[in-house]
Amino acid sequence: MTRNARFVDERITLKYGTGGGAMRALIEQVFAKGLGDVEDGIGLGAMDDGAAIRIGDQYLVIATDSHVVQPIEFPGGDIGRLAISGTVNDLAMMGATEPLALTCAAIIEDGFPRDDLVRIWASIRATCEEAGTTIVTGDTKVMGHGELDGLVLNTTGVALTSRLVSDSGLRPGDRILVTGTMGDHGLAIMATRNELALETTLESDVAPIHTLVRRALDVGGEGVVALKDPTRGGLSSALHEMAEKSSVGIIVDETAVPLRDEVRAVGELLGIDPLVSANEGKAVFGLRPEVAAGVLDAIRSHPLGRNAAIVGECVADRPGFVILDTGFGSRLLAEAEGELLPRIC
Amino acid sequence: MNLNDPLAQLKFRDPERARGLREALDRLVHQADHAPVSVMHVCGSHEQAIAKFGLRAAFPLDLQVIMGPGCPVCVTDVPEVDEAVALARQGVRIASYGDMLRVPGTSQSLADAKAEGANVDVVYSVTQAVELAREHDEEIVFFASGFETTAVATAAVLVDDPPDNFSVLSAHKYIPPVMEIVAEMPETKIEGFLAAGHAATITGSAVFEKFVERHRLPVVIAGFEPLDVMAGLVKLMEVINSGEPRVENAFPRCVTREGNVHAQKLLWRVFRATGGRWRGIAHVPNGNLRLRDEFAKYDTRRRFTIDASALWSYAPPKLVQQCQCGDIMAGIASPADCQLFGKECTPDTPVGACMVSAEGTCKIWHQYGGRPDLRSIKRGAA
């Protein structure tokens with residue numbers, strides 16, 4: 001991954017948190033050094049959505065995620081729903097679709113309104129119920145005024161699975177599937193920025209999608225070769241990571257990518273490409289060509305997968321790159337870099 | 001604007017019709033009596049459309065479509081940035097478009113000044129800056145950048161009795177004169193211009209007639225949807241091949257020969273054209289728009305004594321000396337020719353103005369992945 005070698009700044013800046021090449025470089029250069037090896041399973045160095053440790057004939061999958069979002073309540077969800085969905089989905093991206101239990105740590109800013117906290121925990125309870133899981137332990141810290149922005153939640157989840165799905169099993173000819181419209185969460189958050197004074201009906205897609213993933217895995221079996229949730233950095237970052245790890249090129253047919261009209265319009269207005277905007281209730285599948293149609297049908301039969309579509313395929317040329325066929329011509333799909341915008345997840 | 005009307009957009013984004021235009025363009029470039037043919041557009045929005053829709057990979061190999069000095073933020077000259085930075089450091093509150101904040105001056109950008117405690121506001125329109133002045137008692141200086149399209153908006157505010165604590169530091173530029181400069185550059189191989197549809201909506205197509213007469217170079221006015229750009233290039237190739245340079249309007253749904261007369265009157269009532277440097281390009285006669293005497297009370301330069309000399313005791317770093325923004329804006333180099341592009345110079349760590357502005361060539365190329373040759377990629381299993 002020599003492309004990331006240029007990220008050697010003396011200070012960690014916001015760009016290291018955008019889910020792109022800078023963040024992957026930081027994990028390689030600092031976090032994964034001498035840590036995280038798993039003998040039989042998936043460890044830190046794999047930089048997958050979670051870890052897997054073999055226990056008997058099953059794998060214990062562990063995923064963790066910290067959530068910071070401004071505003072903490074947004075159209076279509078809030079930080080609580082985001083924290084539960086994010087971790088349930090990370091487990092599902094490893095093939096572990098039955099979350100056994102979650103932990104939740106809360107770091108709260110001095111002066112945070114109790115009413116807000118109560119509302120967010122109501123949302124957490126409702127989302128846990130929806131996902132068929134619960135929070136079994138937690139931690140509470142309060143920090144001084146101005147030492148953090150409102151509320152930070154960290155959730156960790158555990159689940160068992162007999163088959164792991166990595167994000168690196170692609171080969172030329174494989175198909176790329178997305179489970180629904182792209183960019184909804186990121187652009188819904190952007191549109192809430194006061195100074196833009198936009199009136200839209202954009203909503204975040206934040207939702208637990210483990211049951212949708214289960215349906216796809218049951219139909220696709222061994223033909224499901226890669227799985228990733230396109231959160232920070234959007235579809236572009238997810239595909240770049242998959243292409244880099246599998247050493248394939250990926251061609252995306254832009255006209256096939258499902259987009260809400262409003263997302264497209266607001267994206268153009270703000271100059272933000274929906275393909276680099278976050279999703280919080282979607283998955284990207286890599287599929288062997290022979291199972292692609294069956295998996296697509298299975299996903300479309302799920303309420304959260306009605307807009308699913310096959311959007312691209314893997315090629316031997318240009319390993320590690322993502323090429324966008326726009327219908328007019330083609331270009332490389334760039335990854336999001338830098339962070340001039342409010343935090344989104 | 002109706003955000004929910006996909007039809008309005010699809011009409012100018014029909015890949016089928018694009019294919020027809022692409023074939024026509026292939027044919028016309030092939031028919032030219034020499035190769036390659038080089039044409040220039042002078043607008044960041046055209047570059048955005050070309051990059052975003054991957055049009056360069058669809059253009060004939062023998063057609064070079066070069067971006068000229070079409071980014072107003074990029075051509076704002078260093079002394080103009082210095083004036084804003086010096087005022088900000090003097091404690092005057094500055095309002096400006098977001099793109100201007102990180103444009104480097106001699107030793108500092110407005111963003112640097114802000115980091116050191118200066119009062120700098122990002123606004124999305126000049127009216128927001130006026131509102132700021134109404135809400136506060138202190139002096140508000142609007143650092144105004146942009147071509148004639150944006151200058152009209154500034155003019156409209158100034159004839160509408162803004163508050164006394166509001167003034168304008170104009171870095172507005174006027175496009176037609178710089179086309180003369182590019183046409184006269186000895187290195188230039190440009191055989192025709194694609195003019196910006198939004199600017200021509202105001203100036204009218206007639207503004208280019210004298211230019212065509214003088215330089216024997218055709219000008220075609222084009223819009224910003226992918227089909228607009230393709231159709232504009234087809235028309236431009238037709239005129240080039242005909243050997244009879246003229247002005248053609250390929251954006252008739254917005255542009256007329258006389259333009260928006262009301263807006264032109266407003267523009268020239270408030271501004272006068274004067275000579276000045278465009279960053280990286282040259283001294284451009286009549287290329288700068290400055291406030292007329294009647295509006296002296298709103299002219300920041302006459303209202304304040306601006307002393308930027310403190311910013312000048314400084315040697316530019318080596319990286320800046322390697323920056324090729326000037327040649328890139330003049331159309332004689334591309335970002336691919338620049339050693340810094342994508343390495344030392346990224347949107348996060350810009351060396352030159354072209355990497356700062358959303359309309360800068362380097363920023364656009366970086367955002368959309370540059371210009372690799374993608375024609376040969378084969379689909380299917382290996």
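Helix axes here are lines fitted to C-alpha atoms over the stretch in contact, and angles between them run from 0 to 180 degrees between N-to-C directions. With that in hand, open the model, which is a predicted one, and let's go to chain B.

**Stop one: α7(B) and α8(B).** Select residues 126-135 of chain B, helix α7. The axis of α7(B) comes within 9 Å of that of α8(B), and the two cross at roughly 35°. Now show the side chains: Val126(B), Thr127(B) and Val130(B) on α7(B) meet Ala153(B), Thr154(B) and Val157(B) on α8(B). The residues of this contact comprise four nonpolar, two polar and no charged.

**Stop two: α8(B) and α13(B).** Keep α8(B), residues 148-158, and add helix α13, residues 261-270 of chain B. Here the axes lie 9 Å apart and the packing angle is about 70°, so α8(B) is roughly perpendicular to α13(B). From α8(B), look for Glu148(B), Ala151(B), Val152(B), Ala155(B), Ala156(B) and Leu158(B); their partners in α13(B) are Ala263(B), Leu266(B), Leu267(B), Arg269(B) and Val270(B). Nine nonpolar, no polar and two charged residues make up this contact.

**Stop three: Phe142(B) and the core.** Which residues does Phe142(B) touch, leaving aside those up to four places away in sequence? Select Ala95(B), Val126(B), Ala129(B), Val168(B) and Leu169(B) to see them. Then widen the view to the largest nonpolar core, with its 218 residues. Phe142(B) is among the members that touch the most others, along with Val61(A), Leu177(A), Val295(A), Ala88(B), Ile94(B) and Ala195(B). To finish, color helix α12, residues 226-242 of chain B, which gives the most to this core, with 10 residues.

Methods: Residues numbered from 1 in each chain as written. Chains lettered and ligands numbered in written order. Predicted model: local features only at pLDDT ≥ 70, side-chain atom pairs only at ≥ 80, totals over all residues. Helix = DSSP H or I, 4+ residues; strand = E, 2+ residues; numbered from the N terminus. Parallel < 35°, antiparallel > 145°, perpendicular 65-115°, else oblique. Contact = placed C-beta atoms within 7 Å. Nonpolar A, V, L, I, M, F, W, Y, C, P; charged D, E, K, R; others polar. Core = buried A, V, L, I, M, F, W, Y, C linked by C-beta atoms within 7 Å. Buried ≥ 20, exposed ≤ 12 C-beta atoms within 10 Å, placed from the backbone.
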